[in-house]
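User: I am new to reading protein models. Can we work through one together, step by step?

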Amino acid sequence: MSFQSYVIRRIGQVIVTYWAFLTILFVLFRVVPGDPVSMHVQDLGAEAREERIAELGLDQPLYVQYVEYLRQLARADLGQSMIYNESVWNIIVVKFWNTIILMAASLILAYAIGILGGALLAWYRGTAFEKGGIVLTLLARSSPEFWTGIVLLGVFVFWLGLFPVGGMRSIGSELATGVGRYLSWDFVYHAVLPALTGAIYFLGTPALLMRNSMLDVLNADFIEIKKAEGLHPWNVLYKHAVRNSILPLVTIAAIAVGMAIGGSVVIETVFNWPGMGRAMVDAVNNNDYQLAMAAFFLMGSVVILMNFVADLLYVYLDPRVTYE
Amino acid sequence: MQPGDSNLNRRDFTKAATLAAGGAMVGLAGCAGGENGGNGIELEITVNNPSFDPFRYEYAQMVADSWEELGFAVEVNSMDWNAVVEEALIAQEYDTSVITWDGSPERIDPHTFLYDLFHSSNSVEGGRNEVNYDNPDYDDLAEEQARIFDDDERQEVVYECQKVLAEEQPRTPVANRTQIMPYNNERFSDPEVLIGESLLSFWNMIGVEPADGVEDLRFGYPEEVGSLNPLDYVGAHDRTAIRLIYDRLARIDQDGLPAPWAAEEIDILDEDGEVAVTIREGMTWHDGEDVTVEDVQFSFEFANEHSPIGSDWTDIIDEIEIVDDRELVFHLEEPFAPFVSNTLTQVNLIPMHVWEDVPDEIDEEPVDWDEPDHIGSGPFQLDYWELEEEMVMTAFDDHFEPPNVERLIKVPGSDMSSLVGFLEEEQIDMIGQTPEPNTIDRLEDEEFISFAEVDDHGFHHVNYQMEREPFDDVAVRRALARAIPKADIVDALLDGRGTVADSVIAEVNEFWHNPDVERLEYDLDAARAELEEAGYTWNGDGQIQYPE
């Protein structure tokens, strides 16, 4: 099979995956009890309630709503938020970037520390450094995000008073638009703790994976040869061992991006971060179907696409992987 | 097959058989409800799960324990709030439920609680009389109170309504919670509270006293505003923001009574339903145009035509007549006493020159239109709104009662604990909701934090689905009411921060509350006596049985 036909077949699979994903998404939100006016049922009379439901098109049979939903997506329209009365796209685009930037910072930090740490753990195999390191890594990996977040808040905010307790910028400060909102010290100052929380949570996987992969490589003959050549140990570590061990991390990193977007829910709640995760929770609580489905759709898309990219990258990076 | 498997199968079989038998019994009875099962009369309490409101969930358990003691077989069925709404409030498929009616300002007028909640015309799917109370004599009383414009005369009928409800117990009021909301006393003093809203009140937003040099009021609330559309004020929290930007002809003052606001004078011309309104002189919209009587007329007619919730208030209006450039007369279809306290305090004034083109030239439904400038005539105007970050409003200095602060910044919290963190770190100044008792205890230790305390006229209560047995029997409702440990609930779960409720009109609502309603105090012996008199018996295990 050629590379092209492999790519085409994978695209076909992505489309089927998408269809299944959208259908499940649609059904999921319609079977749970409640509708977008449930939360306000005591503020509305029976008549006003029915009027509102009809206006939202929710009195239509389910299959009509389903077809309308697919049509709408085919037009690249995410619909209208039922709670905010605003185009879902407008609401979500800002939040999407708020989350992406926070998670990018977390992941870069996690993978930088994780890869380096994992390599060192393997390099210093059998020492107290390795044992302590593994315990710490496992601890970071198994601590729930909200707990890590609360501990960081307790230490750095309530005890040391070094950072703000939450939010993305100082309350009431001049509002910058576009990229400007991420290019201020105020933003960085607010992003440190949530990014650190994410980094601590994410770094376990790359660290442990890197260590395992390194151990394999370090046992290989060519490393012995490089050592015998009299190269500086750091040179062997960096130039030969690390570079050859990093491959499995590519797939994991790609998938982790998808997971990180979903994992941001907890961090965003703890730190009052105005991102996708919080929007998603609010949308689900208020039965704002359109907004919730759009948020899940975007998140799911990142996972599906990143998996796709990982598959392609793998083929490209490792000649041993075939298209079959 | 493993020995354990056969055991499991047997258990499953028994369970299935019981379910089938139960189903048959339900089928025979026609409609579900309490049954004379092997365990006596069974009943279910429907309540939200603890994450939505721990207080309701916990007191439902206390009620269940006490009803068990009386001899009922009680099961507490806790579910997601959305499911409670679907089952207990809309489809009305429940035995008993633990529900709260919130106290918004217009509900200080007794009409909503006495008419909407108990009049038989609202006993429909999704209607507010979800207990299906149907008493023609009560209907007459509820209608009569709505017709009397004179407050003192109306008070007598309102008292009578409460008396009937206390005797018949279609719902058992349990408690009014005290609203205790924290604020930063170094930055603000003299909060202007209103019953039912405490710090969230309109009066506080414009009237709280900032310390020297303080220009911003940073107000936290654990929920984001949904919409600022003046016609789509569905959410109670949305209304608290909308009313700052858009004026109303009248507002509920801090005594709980309607007072002229954008109106200078409101006169009841005729008890049959003619109300004259003179608007204030010199009012302008945020864009500088004058507020005219035509704008006022337009606001009411437009709401009636385009706003589902607005039309609830304006349906009663037959015609609005413009008398001169400052006076209008509202002709009502029939006398409606809550017209001033409900309709005039709820309908937002909107500028005709902005809205008249919707939906003809601007192709949007008015309830969906996001008016870009949010032009109203209220004491605040919208500066900007970043969803789930902050909403910034600036003072409208040309207003007849401009706010004491330069800016109001509404900060939505992802949850209460994150807001409390903000307050402790002095990043916000106030929280518009009551924290849980243990959080209050902690905040009390902070010197820079004070609390605004006021009772809520909204009430926690237990509902009975009166279309089901045995809740159609007044003796059972009264007995169940007597077995609700209201005082213990207030003491144990609220740390005493609340009032035991005996009437649907709260004690704090002084003018309308009837202090002489029958009090069904916690007394299991009295409860048993009521049941005995109605013919109920107990079997050898102390389980209650229907009359023969």
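Below are short questions and answers on this predicted model.

User: How many helices and strands are there in chain B?
Analyst: Both kinds of element occur in chain B. The counts are 17 helices and 23 strands.

User: Is chain B as compact as a globular protein of its length, and why?
Analyst: The globule rule gives 24 Å for 548 residues. The radius of gyration of chain B is 26 Å, which is close to that value. So chain B is as compact as a globular protein of that length.

User: What part of the residues in chain B is buried?
Analyst: A residue is buried if 20 or more other C-beta atoms lie within 10 Å of its own. Among the 548 residues of chain B, the buried part is 51%.

User: In which helix does B:Phe300 lie?
Analyst: The helix covers residues 293-306 of chain B. Its name is α9.

User: Is B:Phe300 buried or exposed, and why?
Analyst: The cut-off for buried is 20 or more C-beta neighbours within 10 Å. B:Phe300 has 22 inside 10 Å, so it counts as buried.

User: Which residues is B:Phe300 in contact with, leaving aside its neighbours within four places in sequence?
Analyst: Contact needs C-beta atoms within 7 Å. The residues are B:Thr314, B:Ile317, B:Ile320 and B:Val347.

User: Which residues of chain B does the UniProt annotation "domain: Solute-binding protein family" cover?
Analyst: The annotation comes from an unreviewed UniProt entry. One of its spans, 259-544, is 26% helix and 24% strand. The annotation covers residues 28-123 and 259-544.

Notes: Residues numbered from 1 in each chain as written. Chains lettered and ligands numbered in written order. Predicted model: local features only at pLDDT ≥ 70, side-chain atom pairs only at ≥ 80, totals over all residues. Helix = DSSP H or I, 4+ residues; strand = E, 2+ residues; numbered from the N terminus. Buried ≥ 20, exposed ≤ 12 C-beta atoms within 10 Å, placed from the backbone. Contact = placed C-beta atoms within 7 Å. UniProt positions renumbered as here; feature names shortened; annotations may be inferred. Rg over C-alpha atoms; globule rule 2.2 N^0.38 Å.
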